[in-house]
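Biologist: I am new to this structure and would like to know how its descriptions are justified. Could you go through the terms with me?

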Amino acid sequence: MKYTEITAQQFKKRTIISFSIFFVFILTAFFCLRWIRHAPQVNGTRKPLRSVLSFNERVFGSLFSTGRLSKTYPLSDAVKKPRANGNVGLRSPVDTADWVLNVVRGEKDTLWVRLDELKKLPKTDIVFDFKCIEGWSQVTHWGGVKFADFVKYYHLDKQTALKYTGISTPDREYYVGIDMNSALHPQTILCYEMNGAPLPLTQGYPLRLIIPVKYGVKHIKRIGEIKFSTERPPDYWYEKGYDYFTGL
Ligand SMILES: Nc1nc2c(c(=O)[nH]1)N[C@H]1C(S)=C(S)[C@@H](COP(=O)(O)O)O[C@H]1N2
Ligand SMILES: [Mo]
(Lines give C-alpha, C1' and ligand atoms only; values in the text may rest on other atoms or scores of the structure.)
(Ligands and ions follow the chains in the order given, each with its own letter.)
Protein backbone atom coordinates (compact mmCIF):
# COMPACT_ATOMS: atom_id res chain seq x y z
CA MET A 1 0.00 0.00 0.00
CA LYS A 2 1.31 3.41 -0.96
CA TYR A 3 0.18 6.52 0.85
CA THR A 4 0.35 10.10 -0.31
CA GLU A 5 0.78 12.71 2.31
CA ILE A 6 -1.65 15.62 2.29
CA THR A 7 -1.56 18.79 4.26
CA ALA A 8 -4.11 19.74 6.88
CA GLN A 9 -5.32 22.38 4.44
CA GLN A 10 -5.96 19.77 1.71
CA PHE A 11 -7.61 17.50 4.24
CA LYS A 12 -10.04 20.22 5.21
CA LYS A 13 -10.82 20.99 1.59
CA ARG A 14 -11.56 17.33 0.82
CA THR A 15 -13.79 17.01 3.84
CA ILE A 16 -15.79 20.02 2.75
CA ILE A 17 -16.10 18.63 -0.78
CA SER A 18 -17.30 15.21 0.40
CA PHE A 19 -19.86 16.73 2.72
CA SER A 20 -21.12 19.01 -0.02
CA ILE A 21 -21.57 16.09 -2.38
CA PHE A 22 -23.32 14.16 0.34
CA PHE A 23 -25.59 17.12 0.99
CA VAL A 24 -26.47 17.50 -2.70
CA PHE A 25 -27.45 13.82 -2.86
CA ILE A 26 -29.64 14.10 0.22
CA LEU A 27 -31.35 17.19 -1.18
CA THR A 28 -31.91 15.48 -4.54
CA ALA A 29 -33.39 12.42 -2.88
CA PHE A 30 -35.59 14.63 -0.73
CA PHE A 31 -36.93 16.60 -3.67
CA CYS A 32 -37.45 13.46 -5.76
CA LEU A 33 -39.50 11.88 -3.02
CA ARG A 34 -41.46 15.07 -2.56
CA TRP A 35 -42.07 15.28 -6.29
CA ILE A 36 -43.31 11.66 -6.36
CA ARG A 37 -45.51 12.19 -3.31
CA HIS A 38 -47.16 15.24 -4.85
CA ALA A 39 -47.51 13.80 -8.36
CA PRO A 40 -51.04 12.99 -9.51
CA GLN A 41 -52.51 9.61 -8.69
CA VAL A 42 -52.73 7.27 -11.72
CA ASN A 43 -54.35 3.84 -11.37
CA GLY A 44 -53.74 3.48 -7.67
CA THR A 45 -50.23 4.90 -7.53
CA ARG A 46 -48.29 8.12 -8.15
CA LYS A 47 -47.57 9.02 -11.77
CA PRO A 48 -43.75 8.64 -11.70
CA LEU A 49 -44.09 5.18 -10.09
CA ARG A 50 -46.75 4.18 -12.62
CA SER A 51 -44.40 5.27 -15.43
CA VAL A 52 -41.67 2.98 -14.12
CA LEU A 53 -44.17 0.10 -13.84
CA SER A 54 -45.34 0.73 -17.40
CA PHE A 55 -41.75 0.77 -18.61
CA ASN A 56 -41.10 -2.58 -16.88
CA GLU A 57 -44.24 -3.95 -18.50
CA ARG A 58 -43.08 -2.96 -21.96
CA VAL A 59 -39.68 -4.58 -21.39
CA PHE A 60 -41.04 -7.83 -19.93
CA GLY A 61 -44.00 -7.93 -22.31
CA SER A 62 -41.66 -7.79 -25.27
CA LEU A 63 -39.44 -10.52 -23.80
CA PHE A 64 -42.43 -12.82 -23.26
CA SER A 65 -42.40 -15.95 -25.33
CA THR A 66 -45.14 -18.58 -25.48
CA GLY A 67 -42.42 -21.12 -26.13
CA ARG A 68 -40.70 -20.59 -22.79
CA LEU A 69 -42.12 -22.86 -20.11
CA SER A 70 -42.19 -22.34 -16.37
CA LYS A 71 -40.24 -24.91 -14.41
CA THR A 72 -42.30 -27.95 -13.39
CA TYR A 73 -41.74 -30.39 -10.53
CA PRO A 74 -42.41 -34.07 -9.83
CA LEU A 75 -45.82 -34.84 -8.27
CA SER A 76 -44.16 -35.83 -5.02
CA ASP A 77 -42.91 -32.24 -4.53
CA ALA A 78 -46.44 -30.79 -4.38
CA VAL A 79 -47.53 -29.68 -0.90
CA LYS A 80 -50.44 -31.68 0.49
CA LYS A 81 -52.27 -28.74 2.05
CA PRO A 82 -51.56 -25.60 0.03
CA ARG A 83 -52.31 -22.34 1.75
CA ALA A 84 -55.39 -20.45 0.58
CA ASN A 85 -54.77 -16.75 0.13
CA GLY A 86 -57.18 -13.97 -0.80
CA ASN A 87 -60.95 -14.33 -0.74
CA VAL A 88 -62.18 -11.30 -2.66
CA GLY A 89 -65.14 -12.45 -4.73
CA LEU A 90 -65.49 -15.61 -2.66
CA ARG A 91 -67.42 -14.11 0.21
CA SER A 92 -70.90 -14.47 -1.21
CA PRO A 93 -72.32 -17.99 -1.19
CA VAL A 94 -72.06 -19.73 -4.54
CA ASP A 95 -74.77 -21.97 -5.87
CA THR A 96 -72.31 -24.55 -7.09
CA ALA A 97 -75.03 -26.81 -8.52
CA ASP A 98 -76.20 -23.99 -10.77
CA TRP A 99 -72.78 -22.68 -11.70
CA VAL A 100 -72.06 -22.09 -15.38
CA LEU A 101 -69.13 -20.39 -17.01
CA ASN A 102 -70.25 -17.34 -18.99
CA VAL A 103 -68.16 -16.89 -22.09
CA VAL A 104 -69.00 -13.55 -23.66
CA ARG A 105 -68.40 -13.97 -27.38
CA GLY A 106 -69.81 -10.61 -28.35
CA GLU A 107 -72.58 -8.23 -27.58
CA LYS A 108 -75.68 -10.25 -26.67
CA ASP A 109 -73.82 -13.43 -27.50
CA THR A 110 -72.90 -15.45 -24.44
CA LEU A 111 -71.93 -19.08 -24.40
CA TRP A 112 -72.70 -21.07 -21.23
CA VAL A 113 -70.43 -23.92 -20.31
CA ARG A 114 -71.12 -26.33 -17.44
CA LEU A 115 -68.38 -27.94 -15.41
CA ASP A 116 -69.13 -31.46 -16.69
CA GLU A 117 -68.69 -30.17 -20.25
CA LEU A 118 -65.31 -28.69 -19.37
CA LYS A 119 -64.29 -31.96 -17.76
CA LYS A 120 -64.88 -33.78 -21.05
CA LEU A 121 -62.09 -31.81 -22.73
CA PRO A 122 -58.52 -33.13 -22.52
CA LYS A 123 -57.16 -32.69 -19.01
CA THR A 124 -53.75 -31.23 -18.23
CA ASP A 125 -51.95 -31.51 -14.90
CA ILE A 126 -49.22 -29.18 -13.76
CA VAL A 127 -46.95 -29.04 -10.72
CA PHE A 128 -45.18 -25.69 -10.45
CA ASP A 129 -43.93 -23.11 -7.97
CA PHE A 130 -46.88 -20.82 -7.24
CA LYS A 131 -45.57 -17.35 -6.39
CA CYS A 132 -47.40 -14.57 -4.58
CA ILE A 133 -46.25 -10.95 -4.70
CA GLU A 134 -46.45 -10.96 -0.90
CA GLY A 135 -43.24 -12.94 -1.00
CA TRP A 136 -44.22 -16.58 -0.44
CA SER A 137 -44.24 -19.44 -2.87
CA GLN A 138 -45.18 -23.11 -2.81
CA VAL A 139 -45.00 -26.04 -5.18
CA THR A 140 -48.59 -27.03 -5.95
CA HIS A 141 -50.42 -29.49 -8.20
CA TRP A 142 -53.37 -28.41 -10.38
CA GLY A 143 -55.49 -29.99 -13.08
CA GLY A 144 -57.89 -28.72 -15.71
CA VAL A 145 -58.26 -27.83 -19.34
CA LYS A 146 -55.69 -25.72 -21.13
CA PHE A 147 -57.11 -22.29 -21.96
CA ALA A 148 -55.74 -22.81 -25.50
CA ASP A 149 -57.61 -26.15 -25.85
CA PHE A 150 -60.76 -24.58 -24.45
CA VAL A 151 -60.86 -21.69 -26.95
CA LYS A 152 -60.04 -24.06 -29.80
CA TYR A 153 -62.84 -26.46 -28.87
CA TYR A 154 -65.40 -23.65 -28.67
CA HIS A 155 -64.12 -21.95 -31.86
CA LEU A 156 -63.26 -18.70 -30.13
CA ASP A 157 -60.73 -17.68 -32.79
CA LYS A 158 -62.32 -14.31 -33.49
CA GLN A 159 -62.25 -13.55 -29.77
CA THR A 160 -58.67 -14.68 -29.16
CA ALA A 161 -57.50 -12.53 -32.06
CA LEU A 162 -58.15 -9.63 -29.68
CA LYS A 163 -55.41 -8.50 -27.32
CA TYR A 164 -56.87 -9.24 -23.90
CA THR A 165 -59.16 -11.49 -21.94
CA GLY A 166 -60.97 -10.22 -18.84
CA ILE A 167 -62.01 -12.74 -16.21
CA SER A 168 -64.21 -12.02 -13.19
CA THR A 169 -65.90 -13.76 -10.26
CA PRO A 170 -69.70 -14.27 -10.38
CA ASP A 171 -70.20 -11.31 -8.00
CA ARG A 172 -67.63 -9.21 -9.98
CA GLU A 173 -65.73 -8.38 -6.81
CA TYR A 174 -62.46 -9.79 -8.15
CA TYR A 175 -61.38 -9.43 -11.76
CA VAL A 176 -58.21 -9.76 -13.78
CA GLY A 177 -57.05 -8.70 -17.21
CA ILE A 178 -54.68 -11.02 -19.06
CA ASP A 179 -52.80 -10.37 -22.28
CA MET A 180 -53.78 -12.99 -24.86
CA ASN A 181 -50.23 -14.35 -25.30
CA SER A 182 -50.14 -15.30 -21.64
CA ALA A 183 -53.69 -16.70 -21.70
CA LEU A 184 -52.81 -18.93 -24.65
CA HIS A 185 -49.52 -20.04 -23.11
CA PRO A 186 -49.42 -23.88 -23.05
CA GLN A 187 -49.26 -23.94 -19.22
CA THR A 188 -52.30 -21.72 -18.66
CA ILE A 189 -55.29 -23.78 -17.51
CA LEU A 190 -58.91 -23.37 -16.53
CA CYS A 191 -58.44 -25.39 -13.40
CA TYR A 192 -61.00 -27.55 -11.55
CA GLU A 193 -58.70 -29.83 -9.55
CA MET A 194 -56.08 -29.47 -6.85
CA ASN A 195 -54.03 -32.51 -5.82
CA GLY A 196 -56.26 -34.66 -8.04
CA ALA A 197 -59.48 -33.71 -6.21
CA PRO A 198 -62.13 -31.03 -6.93
CA LEU A 199 -60.97 -27.56 -5.89
CA PRO A 200 -61.77 -26.64 -2.29
CA LEU A 201 -64.19 -23.68 -1.99
CA THR A 202 -61.39 -21.50 -0.58
CA GLN A 203 -59.23 -22.35 -3.58
CA GLY A 204 -61.84 -21.31 -6.13
CA TYR A 205 -64.36 -24.13 -6.62
CA PRO A 206 -65.69 -24.80 -9.19
CA LEU A 207 -63.20 -23.15 -11.57
CA ARG A 208 -60.11 -20.98 -11.28
CA LEU A 209 -57.30 -19.80 -13.50
CA ILE A 210 -53.81 -21.28 -13.20
CA ILE A 211 -51.32 -19.20 -15.15
CA PRO A 212 -47.75 -20.14 -14.14
CA VAL A 213 -46.20 -17.35 -16.23
CA LYS A 214 -47.72 -14.83 -13.80
CA TYR A 215 -47.78 -14.00 -10.12
CA GLY A 216 -50.57 -15.30 -7.84
CA VAL A 217 -52.75 -12.20 -8.22
CA LYS A 218 -53.71 -13.25 -11.75
CA HIS A 219 -54.74 -16.79 -10.76
CA ILE A 220 -58.35 -15.75 -10.25
CA LYS A 221 -60.45 -18.11 -8.13
CA ARG A 222 -64.14 -18.87 -8.73
CA ILE A 223 -64.46 -17.74 -12.33
CA GLY A 224 -67.89 -16.50 -13.37
CA GLU A 225 -67.25 -14.81 -16.68
CA ILE A 226 -64.68 -14.65 -19.44
CA LYS A 227 -64.63 -11.78 -21.94
CA PHE A 228 -62.35 -10.68 -24.75
CA SER A 229 -61.32 -7.18 -25.73
CA THR A 230 -58.92 -4.93 -27.57
CA GLU A 231 -58.70 -2.58 -24.61
CA ARG A 232 -57.20 -3.62 -21.28
CA PRO A 233 -59.92 -5.07 -19.08
CA PRO A 234 -60.11 -3.75 -15.50
CA ASP A 235 -57.79 -5.48 -13.06
CA TYR A 236 -58.29 -5.58 -9.30
CA TRP A 237 -54.65 -5.26 -8.19
CA TYR A 238 -53.70 -2.92 -11.04
CA GLU A 239 -56.25 -0.48 -9.68
CA LYS A 240 -54.53 -0.79 -6.31
CA GLY A 241 -51.20 0.28 -7.79
CA TYR A 242 -49.57 -2.97 -8.92
CA ASP A 243 -48.27 -3.54 -12.42
CA TYR A 244 -50.67 -4.88 -15.01
CA PHE A 245 -48.50 -7.53 -16.59
CA THR A 246 -47.12 -9.10 -13.36
CA GLY A 247 -45.21 -11.65 -15.40
CA LEU A 248 -42.59 -14.01 -14.05
N1 LIG B 1 -61.37 -14.55 -6.48
C2 LIG B 1 -60.14 -14.34 -6.02
N3 LIG B 1 -59.09 -14.91 -6.63
C4 LIG B 1 -57.83 -14.70 -6.16
C5 LIG B 1 -57.59 -13.86 -5.04
C6 LIG B 1 -58.71 -13.26 -4.43
O7 LIG B 1 -58.61 -12.50 -3.44
N8 LIG B 1 -59.97 -13.53 -4.93
N9 LIG B 1 -56.29 -13.67 -4.60
C10 LIG B 1 -55.19 -13.93 -5.55
C11 LIG B 1 -53.90 -14.01 -4.90
S12 LIG B 1 -53.20 -12.56 -4.37
C13 LIG B 1 -53.20 -15.19 -4.79
S14 LIG B 1 -51.62 -15.25 -4.20
C15 LIG B 1 -53.80 -16.48 -5.19
C16 LIG B 1 -53.75 -17.47 -4.06
O17 LIG B 1 -54.25 -18.70 -4.46
P18 LIG B 1 -54.50 -19.82 -3.37
O19 LIG B 1 -55.56 -19.32 -2.43
O20 LIG B 1 -54.89 -21.04 -4.10
O21 LIG B 1 -53.19 -19.98 -2.63
O22 LIG B 1 -55.15 -16.32 -5.58
C23 LIG B 1 -55.43 -15.19 -6.37
N24 LIG B 1 -56.80 -15.30 -6.82
MO1 LIG C 1 -51.01 -13.04 -4.04
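What follows takes the ligand and its surroundings, then some salt bridges.

Modeller: Keep in mind that this is a predicted model.

Biologist: Which residues come nearest to ligand 1?

Modeller: There are 20 residues around ligand 1, and R83, N85, V88, R208 and K221 come nearest. The shell divides into 10 nonpolar, seven polar and three charged residues.

Biologist: What makes the approach of V88 to ligand 1 a polar contact?

Modeller: A polar contact needs a pair of N or O atoms within 3.5 Å. A backbone N or O atom of V88 lies 2.6 Å from a nitrogen atom of ligand 1, so the pair qualifies. The backbone of H219 also supplies an N or O atom, 3.0 Å from a nitrogen atom of the ligand. With Q203 it is a side-chain N or O atom, 3.1 Å from an oxygen atom of ligand 1.

Biologist: How much of the accessible area of ligand 1 does the protein cover?

Modeller: On its own, ligand 1 has 530 Å² of accessible area, and the protein covers 98% of that. The space that ligand 1 takes is the largest pocket.

Biologist: Why is the pair K123 and D125 called a salt bridge?

Modeller: The limit is 4 Å between a side-chain nitrogen of Lys or Arg and a carboxyl oxygen of Asp or Glu. For K123 and D125 the N to O distance is 3.6 Å, so the pair counts as a salt bridge. The whole structure has 10 salt bridges; one of them joins K214 and D179 at 3.0 Å, N to O.

Biologist: Are K123 and D125 buried, exposed or partly exposed, and why?

Modeller: Buried means under 20% relative accessible area and exposed means over 50%. K123 has 41% and D125 has 40%, so both are partly exposed.

Biologist: What about D129 and K131?

Modeller: They form a salt bridge, their closest N and O atoms being 3.9 Å apart. D129 has a relative accessible area of 16%, under the 20% limit, and is therefore buried. K131, at 32%, is partly exposed because this value lies between the two limits.

Conventions. Residues numbered from 1 in each chain as written. Chains lettered and ligands numbered in written order. Predicted model: local features only at pLDDT ≥ 70, side-chain atom pairs only at ≥ 80, totals over all residues. Heavy atoms only, no water. Near = heavy atom within 4 Å. Polar contact = N/O pair within 3.5 Å; in protein donor to acceptor, adjacent residues only side chain to side chain. Areas by Shrake-Rupley, 256 points an atom, 1.4 Å probe, with all protein chains shown as cover. 1 Å grid on protein atoms, 1.4 Å probe; cavity = no way out; pocket = protein on both sides within 12 Å on 5 of 7 lines; lining within 4 Å. Sits in = over half its atoms within 2 Å of the grid points. Nonpolar A, V, L, I, M, F, W, Y, C, P; charged D, E, K, R; others polar. Buried < 20%, exposed > 50% of the residue type's maximum accessible area, 1.4 Å probe, protein only.
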